[in-house]
Amino acid sequence: MSETRASLTTGAPDRAVAPSPRRHRIAVLALPGVPPFELGIPSRVFGSVTDCDGQPLYDVTVCTADGAPVLSDAGFTVQPAAGPEALAAADTVIVPPTHAMPELGRGGPLPPEVTAAIAGIRPGTRLVSICTGSYVLAAAGLLDGRPATTHWNLAPEFRRAYPRVRLDEEVLFVDDGDVLTSAGVAAGVDLCLHMIRRDHGAALANRAARMCVVPPWRDGGQAQYIDRPVPEPTVASTTATRAWALEHLGEPLSLLQLAEHARMSLRTFTRRFRDEVGMTPVQWLTAQRLELAKQLLETTDLPIDLVAHRAGFGSANSLRAHMRTTFGVSPAAYRRAFSPNDLAAPV
C-alpha cells in the first residue's frame with residue numbers, strides 16, 4: 001500500500017498526513033449465460049459501503065475472461081469494463097452463476113479462456129462464488145477438500161461431479177477463510193453482507209443492508225426452502241415464538257418455555273421449528289445469541305462478562321467457548337478485530 005504525504009505551506013514544519021487506505025478491489029467475472037440479478041449483486045451491495053467521509057470502500061469491476069461481451073441468460077449482452085487483467089489485480093474475485101456451461105454439471109472442463117483467466121489470479125486473493133458459480137471454482141480445483149455450498153436443488157448433481165468438495169446444501173453460505181461460497185440467488189446478498197461485516201464490522205454491514213432494504217442476516221439455512229409438503233393453513237407456526245425469543249435473548253430460555261409460548265408439545269414444536277427454520281431450536285437460539293454478542297462487542301465497550309450476560313450465555317467462559325467453537329476466536333480477539341479503534345475494550 002503506497003503512502004501519500006501532504007505538506008503545509010505556512011512555514012510550519014511538514015506534518016505527515018495519515019495515508020488513505022486503498023479501496024478494496026473486487027472483480028466480478030461475468031461468464032456466458034450469467035443471470036443479471038446475481039451479476040448485479042456485488043456492485044449493488046458493495047457499492048453502498050462508504051466510510052465516515054462518504055468515500056467508497058470498494059471498487060467493483062465487472063470483467064470477462066477475455067474482455068469480450070457475453071450474452072446473459074436474459075437475452076441481452078453484458079459489456080464488461082475489463083478483461084482478465086481485472087482478476088489479476090483484484091483483492092476479491094466473485095464468480096456469479098452461469099447457465100451456459102452444462103458440461104460443468106457433469107464434471108467437465110472449463111473453457112480454455114476461463115481456465116487461463118483464473119490461473120492469473122494472484123495467490124491470496126479472496127475467492128467467492130454465488131449460487132452455481134461454485135461449479136466454476138470446483139471445476140478449477142479450488143474447492144477440493146474444502147467446505148462449500150451451492151443451490152440446494154443441485155446438490156446431488158454437484159456431489160456426483162465434484163466428490164472431493166465437502167458440500168453442505170443446508171446453509172446459506174460457507175466462509176472458509178479465503179474461499180467463500182453461497183447458495184442460490186438472494187443468498188449472494190447474504191454472503192456479500194457477511195463479507196462487509198468481516199471487513200469493516202457490523203455497523204457498516206447493517207447500513208449497507210438498510211440501503212439495499214434487506215435484513216442484515218437471515219435465520220436458518222437453505223433447509224427452510226427445500227420442497228416439503230405444504231402444511232394446512234390451520235397449522236400453527238413458530239414465527240411468533242421466534243420473534244418473542246429475540247426480545248428475551250438475555251434470559252435463560254428453555255426448550256419447554258419456547259414450546260409453551262407456541263402452545264405446542266415439545267415434540268411438535270421441535271419438529272415444526274426445524275421444518276420452518278432448518279435447524280433445531282437450541283441451534284437457532286445459540287446462533288441468535290452469538291449474533292447479539294458480536295454486535296455488542298463491535299459497537300459497545302461493555303466488559304466481556306456483561307456482554308455474555310446480555311446475550312444470554314450466563315458467563316464469560318460460556319461465551320468464550322461458543323465463540324471459539326463457532327468462529328475460532330475469543331470475544332476479546334473478536335472485539336480487537338472488529339470494533340472501532342476509539343472504543344476502549346475492557347476484557
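In this short talk I will go through the overall make-up, the sheet, the nonpolar cores and the salt bridges of the structure shown above.

I should say at the outset that what we have here is a predicted model, and everything that follows is computed from it. The protein chain has 347 residues, of which 44% count as buried, and there are 14 helices and 10 strands in it. If we take the contacts between residues at least 6 apart in sequence, 62% of them join residues that are at least 24 apart. The accessible surface of the chain comes to about 17,400 Å², and carbon and sulfur atoms account for 55% of that area.

Let me turn to the sheet. Six strands form an open sheet with mixed pairing, and reading across it the order is 2-1-5-6-10-9. At its edges are strand 2, residues 58–63, and strand 9, each of which pairs on one side only. From one strand to the next, the twist averages 15 degrees.

Within this sheet I would like to look at the pairing of strand 5 with strand 6, the latter covering residues 126–129, where the two strands run parallel and are joined by four bridges. In this pairing V93 stands opposite L127 of strand 6, and V95 stands opposite S129 of that strand. As a reminder, in a regular strand the side chains alternate between the two faces of the sheet. Strand 6 has R126 and V128 pointing one way and L127 and S129 pointing the other, and all of these residues are buried.

Which strands does helix 1 lie across? Helix 1, residues 36–46, lies across strand 1, strand 2 and strand 5, and runs at about 165 degrees to strand 2. Helix 6, which spans residues 187–200, also packs on the sheet, where it touches strand 2, strand 5, strand 6, strand 9 and strand 10, and its direction makes about 150 degrees with that of strand 10.

Next, the nonpolar cores. The largest of them has 32 residues, and those with the most contacts inside it are L87, V114, V136, L143, F158 and Y162. At least two residues of this core are supplied by each of strand 1, helix 2, strand 5, helix 3, helix 4 and helix 5, with the largest share, four residues, coming from helix 4. To take one of these core residues by itself, Y162 is in contact with L104, G107, G108, Y135, A138 and A139, once its neighbours within four places in sequence are left aside. There is also a second, separate core of 30 residues, and among its members are V28, V78, M195 and I196.

That brings me to the charged side chains. In general, side chains of opposite charge can pair when their charged atoms come close. The structure holds 13 salt bridges, and I will go through three pairs and one network.

In the first pair I have chosen, the side chains of R164 and D144 meet at 3.7 Å, N to O. Here R164 sits in the loop between helix 5 and strand 8, whereas D144 sits in the loop between helix 4 and strand 7, so that distant parts of the chain, 20 residues apart, are linked. R164 counts as exposed because its relative accessibility is 63%, over the 50% that the term requires, while D144, with a relative accessible area of 36%, is partly exposed.

The next pair is R159 and E169, whose side chains meet in a salt bridge at 2.8 Å, N to O. Since R159 lies in helix 5 and E169 in the loop between strand 8 and strand 9, this pair ties together parts that are 10 residues apart in sequence. R159 itself is partly exposed, its relative accessible area being 36%.

In the last of the three pairs, E276 forms a salt bridge with R242, the closest N and O atoms being 3.1 Å apart. This one links helix 10, where E276 lies, with helix 8, where R242 lies, and the two residues are 34 apart. Is R242 buried or exposed? At 14% relative accessibility R242 counts as buried, because that value is under the 20% cut-off, whereas E276 is partly exposed at 23%.

Finally, the network: R197, E291, K294 and E298 are linked by salt bridges.

Notes. Residues are numbered from 1 along each chain as its sequence is written. This is a predicted model: local features need pLDDT of at least 70, side-chain atom pairs count only at pLDDT 80 or more; totals for chains, interfaces and linings use all residues. Side-chain values use heavy atoms; hydrogens and water are left out. A salt bridge is a side-chain nitrogen of Lys or Arg within 4 Å of a carboxyl oxygen of Asp or Glu. Buried means under 20% relative accessible area, exposed over 50%, partly exposed in between (1.4 Å probe, protein chains only). Contact means heavy atoms within 4.5 Å. Accessible areas come from the Shrake-Rupley method with a 1.4 Å probe; for residues, only the protein chains shown count as cover. A nonpolar core is a set of buried Ala, Val, Leu, Ile, Met, Phe, Trp, Tyr and Cys residues joined through side-chain atoms within 4.5 Å. Two strands pair if DSSP finds at least two bridges between them. Axes are lines fitted to C-alpha atoms, for helices over the stretch in contact, and angles run from 0 to 180 degrees between N-to-C directions.
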